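Subject: A structure for you to look at

Hi,

Here is the structure I said I would pass on. Have it open while you read, and turn it around as you go.

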Amino acid sequence: SDTEGGALADLAGVWPILRVMRALRVVRIARRAYAIRVIFMSFAAVIPAVIFISCLVILIVFVFACLGMQLFGGVSLPTGFSFRSFGGAFVTLWRIMTGDEWG
């Protein structure tokens with residue numbers, strides 16, 4: 001019984017290493033497969049543009065959240081929508097943009 005517990009305890013330190021090796025297998029496969037490599041390279045090339053567009057959208061939502069607080073801060077709105085605080089205004093605009101809980 002003690003030897004079984006000891007063997008399992010010894011293997012417990014090996015599992016994280018095996019998981020990392022399993023994750024690196026994807027990289028090894030990608031090196032061999034040209035199509036997958038092209039997809040990964042295309043994805044890596046697009047990341048800066050996606051970050052830029054995301055920052056631009058957040059800036060626009062920030063401006064409209066401030067404007068919404070000034071215009072609609074005192075207006076009673078349905079449950080879940082609020083322009084009384086910046087966080088509430090930001091979430092309200094995000095819900096409107098994504099169409100969350102509208103159906």
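Below is what turned up, going from the whole chain down to single residues.

One thing to keep in mind is that this is a predicted model. The protein chain has four helices and zero strands, so if you walk along the sequence you meet the pattern α-α-α-α. Of its 103 residues, 11% are buried.

**The surface**

Have a look at helix 2, which covers residues 15-32 and holds R22. Which residues form a positive surface patch? They are R19, R22, R25, R28 and R32. Take R22 as your example: its relative accessible area is 59%, and because exposed means over 50%, R22 counts as exposed.

**The cysteines**

How many disulfides does the count come to? The answer is zero. In case the word is new to you, a disulfide is a covalent bond between the sulfur atoms of two cysteines. The cut-off used here is a pair of cysteine sulfur atoms within 2.5 Å. You can still find C55 and C66 in the model: C55 is partly exposed, at 47% relative accessibility, and C66 is partly exposed too, with a relative accessible area of 31%.

**Helix 4**

Now move on to helix 4, made of residues 86-98, where you will find T92. Is T92 buried or exposed? Its relative accessibility is 2%, and since buried means under 20%, T92 counts as buried. Try picking out S82 as well: T92 and S82 are 10 residues apart in sequence, and their C-alpha atoms are 6.4 Å apart in space.

R95 sits in helix 4 as well. With 13% relative accessibility, R95 is under the 20% cut-off and therefore buried. You can pair R95 with F81: they are 14 residues apart along the chain, with 8.8 Å between their C-alpha atoms.

It may help to put the two arginines side by side: R22 in helix 2 is exposed, whereas R95 in helix 4 is buried.

Have fun exploring, and write back with any questions.

Cheers

Conventions. Residues numbered from 1 in each chain as written. Predicted model: local features only at pLDDT ≥ 70, side-chain atom pairs only at ≥ 80, totals over all residues. Heavy atoms only, no water. Patch = residues over 30% accessible without salt bridge, like charges linked within 9 Å, V, L, I, M, F, W, Y side chains within 5 Å. Areas by Shrake-Rupley, 256 points an atom, 1.4 Å probe, with all protein chains shown as cover. Salt bridge = Lys/Arg side-chain N within 4 Å of Asp/Glu carboxyl O. Lys, Arg positive; Asp, Glu negative; His and termini not counted. Charge placed at Lys NZ, Arg CZ, Asp CG, Glu CD. Buried < 20%, exposed > 50% of the residue type's maximum accessible area, 1.4 Å probe, protein only.
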